[in-house]
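Colleague: Please take one single part of this model and look at it closely with me, then follow the thread from there into the rest of the chain. I work at the bench, so plain words are welcome.

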Amino acid sequence: MDLIGWVIFLVALLFSVMLHETGHFVVAKKFGMKCTRYFLGFGPTIWSTQRGETEYGIKALPFGGFVKIIGMHSLDDLDDPADEPRSFRAHPGWQRILVLCAGSFMHFVLAFLLIFGLALGIGIENDNTTQLGTISTCVAANTTQLSNGTCSAADKPSPAKLAGLRLGDQVTAFNGKPVSNWTQLGNKIRQAPAGSDAAITVKRGHQTLTLHATLASVSGRSGSYLGIAPTIVFQAANPIRAAQYAGTSFGQVIVGSVKAVGALPAALPKLFSKDRGNTAAGQVSSVVGAAEATGTAIAANVGWQFKVSFVLLLIASLNIFVGAFNMLPLLPLDGGHVAVVAWERIRAWFARLRKRPDPGLVDMAKLLPASFSIFVILMVFGVLLVLADIVNPVNIAG
């Protein structure tokens, strides 16, 4: 575990959380809602200061943050009834929905800017090549050692090393079939049976050679293993290309997030299984898993560009996932509160059509059991995921 990587990830996570709360805070203030508290953390207060009508402060447990907007729902009693016109519930439905959506919007903006800045400043990673940039020295005992690039005296030499492959070799064919990019080559390696002999045709300088290797396997990793990685080049993008890359990456993460959420039920039984990495459970991770991946990337023996790129993309992906998940129409998520406000407006519209009085606010007391049940389910799954990432980790950096 690399402590610096963990610190970087946790600071970025805390910043993201407070940016979320800032979104709620700024939009609420813009519409004239009264915000009485803006705090970093939970639990006992360490420090606070009063600025106007808002108390700003830091609490002892840095596990998030919160903004207190008065009168959020029907059960939220006000200290001063005279403040009712400035309460959240007293404002038009569209304003309340914008306040609720502002948190996720900030996650999306941060993610887009991170990816855009990465493409503009460092460049877009291009591994669409078959030129070898890494030759592994051994067959790692498991995926964790593989990701860390560590070898022990008991580990066998990698097939690539035994075959005589060298850095800079350009692979042109695998088992007699031409390959022109890394995706093609990687797929052919993984699809070949472990233990089988493979012919690798390479261009080395002005020579064309055919080398032979016996493919191996790594515990917890699907497919056969040769022990090679491509040369990675970062190509700086212009603003238009950077924006396109950010948009494409954003869409890919959204699609991946939807698939991950859909896979949650199937993931539960496999969280603690030995083959977790090859199942739906290998596609989901907790804060612990993401922090461990950040630490691994920081400690890896690779160039600074790859480290920065990996960390920024991981943080951006996490922000996109959190922003999207938070908008699910389930209480106590923001999306659940949006659904409540939308239902209130639909009821009011039907009441007007029938020339009846506005039914008013939804009775949140009736929704508390459902809200609490969903909260418990999310907490239980979160705890299980954290435990699985501690005792049965899947390294997402490799």
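Modeller: Let's begin with D83, which sits in the loop between strand 2 (54-69) and helix 2. Helices here are DSSP runs of H or I with at least four residues, strands are runs of E with at least two, and both are numbered from the N terminus. Please keep in mind that this is a predicted model, in which local features need pLDDT of at least 70 and side-chain atom pairs count only at pLDDT 80 or more, while totals for chains, interfaces and linings use all residues. Residues are numbered from 1 along each chain as its sequence is written, and side-chain values use heavy atoms, with hydrogens and water left out.

Is D83 buried or exposed? D83 counts as buried because its relative accessible area is 18%; the term buried means under 20%, exposed means over 50%, and partly exposed is in between, with a 1.4 Å probe and protein chains only. Setting aside neighbours within four places in sequence, D83 touches K34, I70 and L78, where contact means heavy atoms within 4.5 Å.

The loop of D83 leads to helix 2. Helix 2 covers residues 93-121, 29 residues in total, and its end C-alpha atoms are 41 Å apart, which agrees with the 42 Å it should span at 1.5 Å a residue. That expected span is 1.5 Å times one less than the number of residues. Helix 2 has a kink of about 40°, centred on A102; a bend at a residue is the angle between axes fitted to the seven residues ending there and the seven starting there. After helix 2 comes G123, with a positive phi near 120°.

Helix 2 also has a partner later in the chain. The buried residues of helix 10 (334-353) pack against helix 2, and against helix 1 (3-30), helix 9 and helix 11 as well. These buried residues of helix 10 are D334, G335, G336, V338, V340, V341, E344, A348 and A351. As a general point, an α-helix has 3.6 residues a turn, so residues three or four places apart point the same way. The 20 residues of helix 10 should span 28 Å at 1.5 Å a residue, and the distance of 29 Å between its end C-alpha atoms agrees with this.

Both sides of helix 10 have a backbone detail to look at. Before it, the loop between helix 9 (304-326) and helix 10 holds P332, and a cis peptide bond with omega of about 10° joins L331 and P332. Just after helix 10 comes K355, with a positive phi of about 55°, although K355 is not a glycine. K355 belongs to the loop between helix 10 and helix 11 and counts as exposed because its relative accessibility is 77%.

Across that loop is helix 11, residues 364-391. Helix 11 has 28 residues and reaches 39 Å from first C-alpha to last, close to the 40 Å expected at 1.5 Å a residue. A bend of about 25° occurs in helix 11 at A370. Its buried residues are M364, S371, F381, L385, A388 and D389, and they pack against helix 7 (264-267), helix 8 (287-299) and helix 10.

Helix 11 also contains L384, which counts as partly exposed because its relative accessibility is 29%. Residues up to four places away in sequence aside, L384 touches L268, L271 and F272. L384 and S286 are 98 residues apart in sequence, yet their C-alpha atoms are 9.1 Å apart in space.

Stepping back to the whole protein chain, its secondary structure comes to 11 helices and 10 strands. Of its 398 residues, 40% count as buried. Among contacts with a separation of 6 or more, 65% are between residues 24 or more positions apart. The C-alpha atoms of the chain fill a box of roughly 85 × 50 × 45 Å along the principal axes.
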